[in-house]
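Got your viewer open? Load the model, switch to cartoon with side chains on demand, and follow along.

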Amino acid sequence: MNINQITPDVFYVGVNDRVTEKFEAQWPLPYGVSYNSYIVKGSDATALIDGVKIDTVLEFFNHIGQIVPDYLVVNHMEPDHSSAIPEILKAFPNLKIIGNAQTQGMLKGFCHFDDPERFICVKDGDEISLGNLTLKFYMTPMVHWPETMMTYIPEQAVLFSGDGFGCFGALNGAVIDRDMDTTVYYPEMYRYYSNIVGKYGKFVMAALNKLSALKLEYICPTHGPVWNQEIPRVVDITRRLASYESEDGVVIVYSSMYGNTAEIADLLASEFAALGQKKIIIHSLTHSAMSDVIADAFRYKTIVMGSSVYSMRLMPAMEQFLNAMVTREIKNKVIAGFGGFTWAQGVAAAKYKEFAETTGLELTDFFAFKQAISAETRERAREFAATVMNAHTKTIADV
């Protein structure tokens, strides 16, 4: 069994990265990441689909072996896929690059490549024949860069989807989902989408609609497994994320200096549980990776935010979290806030109100407590929990 063979004519030649600690210098990679590249062998010509990151190029060439591609299809120009292009061009001096007009400009900027004789510019719906196989191109701008596109082989129902349908996590032996345990990849898919693609939901939906009529036997993304048996699940997850459709769950996100706000977070969780809520996630912004916090806030319906007041602002980590939500244009959420202060009573209320106005969300409830927690604070927290759970339950029931 050739574990890298996807169809009789399509082969995986990508590489794994288990060394880089943070993707885009921001997002932790506890399970590594793969940079996926593919060879398509037609009867008349051979195409290489997408490149790899420059520091993995030697292993990449080992995987290509003696194959000499005629074309390099560039579905996405982000450097984790394009930084090896100059070396690929040197290795294969007769190779031509296939991309769109946006790709051409980025090739010049990133790779100093500006040779019209070696570049084939394609538009939406264009086709290039490899003999018995056809490459058909679909423009999918802003999934998640302006130049992104996808490439389809209609004869074998294979879609090369760029970063679409991708996830974090290196490939541990097998390449296709049917040959592996995919359990680890689904949380990494939520994290990948929310961290990187989350802002561009309407563009992802446009791409899904454009591709909806295609027969799909294999989806070959640039990160993560090749999808075959689990295509319906993967497409459904992507559709729900792109449409900002949340799952039933409450995420409590807090930043506490001396433990009082943290104590309220635990009290609220107990109250939510007593009211029947089963999926409750608590993130201390002191300890949780922002990547995980963003993923859970993006995935689940209700976000409860708690922060101490710090130098007439919210705690810096909470402000970072709120900025991350604004950047991703978060929608369709129940939100509420709480927090402690010593002398600046109105700060937190103003910040959460500003956040609600910016995102277009309604602040379901807010309460602040002064200095140490009192019996009155605990009672107010219980009332707050009941109000939030009422809004959460009603919203979930309406879905």
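Start by selecting Gln156 and Asp9: the two side chains make a polar contact at 2.5 Å. This is a predicted model, by the way, so every distance on this tour is computed from predicted coordinates. Gln156 sits in the loop between β14 (149–153) and β15 (158–162). Buried or exposed, then, for Gln156? Buried: the relative accessible area is 18%, and the cut-off for that label is under 20%. Show what surrounds Gln156 and, leaving out residues up to four places away in sequence, you get Thr7, Asp9, Val10, Leu133 and Glu217.

**Zoom out for a moment**

Back to the cartoon. You should be able to count twelve helices and 23 strands in the protein. The C-alpha atoms fill a box of roughly 80 × 40 × 35 Å along the principal axes. There are 399 residues, and 57% of them count as buried. If you make a contact map, take the contacts with a separation of 6 or more: 70% of them come from residues 24 or more positions apart.

**Helix α5**

Now select residues 185–197, which is helix α5. Twelve of its 13 residues are buried, so to speak of it as mostly covered is fair. Among the buried ones are Tyr185, Tyr186, Tyr190, Tyr192 and Tyr193, along with Glu188 and Arg191. To see what does the covering, colour β4 (22–23), β5 (27–28), α6 (201–211), α7, β17 and α9, which are all included in it.

Two of those tyrosines deserve a closer look. Select Tyr186 with Arg233: the charged end of Arg233 sits over the Tyr186 ring, 3.6 Å from its centre. Then try Tyr190 with Arg299, where the charged end of Arg299 sits over the ring at 3.7 Å from the centre.

**Arg328, a buried charge**

Next, pick Arg328, in the loop between α10 (316–327) and β22. Which side chain of opposite charge is nearest to Arg328? That would be Glu24, 7.2 Å away, and Arg328 has no salt bridge even though it is buried. What the Arg328 side chain does reach is the backbone oxygen of Ser194, at 2.7 Å. Ser194 is one of the buried residues of α5, so you can keep that helix on screen. Show the rest of the Arg328 contacts too, skipping neighbours within four places in sequence: Trp27, Ser194, Asn195, Gly198, Lys199, Tyr244, Ile294 and Phe298.

**Ring pairs**

Hang on to Tyr244 and Phe298 from that list. A search of the whole structure finds 16 aromatic pairs. Tyr244 and Phe298 make one with ring centres 5.7 Å apart and planes at 40°, so this pair is tilted. Tyr244 lies in the loop between α7 (231–242) and β17 (247–255), while Phe298 belongs to helix α9 (residues 290–299), so the pair ties together parts 54 residues apart in sequence. Both Tyr244 and Phe298 are buried.

For a stacked pair, select Phe338 and Phe367: 6.0 Å centre to centre, with 15° between the planes. Phe338 is in strand β22 (residues 334–341) and Phe367 in strand β23 (residues 363–370), which puts the partners 29 residues apart and links distant parts of the chain. Phe338 and Phe367 are both buried as well.

One more stop for rings: select Tyr12, Tyr38 and Phe160, which ring pairs link into a cluster.

**Backbone oddities**

Finish with the backbone. Go to the peptide bond from Val143 to His144: it is cis, with omega near 10°. His144 is in the loop between β13 (134–139) and β14.

Then compare two residues with positive phi. His112 has phi near 55° despite not being a glycine, and is found in the loop between α4 (101–111) and β11 (119–121). Phe165, also not a glycine, has phi of about 65° and sits in the loop between β15 and α5. Turn on a surface and check each one. His112 has 70% relative accessibility, so it counts as exposed. Phe165 has 8%, so it counts as buried.

How values were computed. Residues numbered from 1 in each chain as written. Heavy atoms only, no water. Phe/Tyr/Trp six-rings, centres within 6.5 Å; stacked < 30°, edge-to-face > 60°. Helix = DSSP H or I, 4+ residues; strand = E, 2+ residues; numbered from the N terminus. Buried < 20%, exposed > 50% of the residue type's maximum accessible area, 1.4 Å probe, protein only. Lys NZ or Arg CZ within 6 Å of the ring centre and 35° of its normal. Lys, Arg positive; Asp, Glu negative; His and termini not counted. Salt bridge = Lys/Arg side-chain N within 4 Å of Asp/Glu carboxyl O. Polar contact = N/O pair within 3.5 Å; in protein donor to acceptor, adjacent residues only side chain to side chain. Contact = heavy atoms within 4.5 Å.
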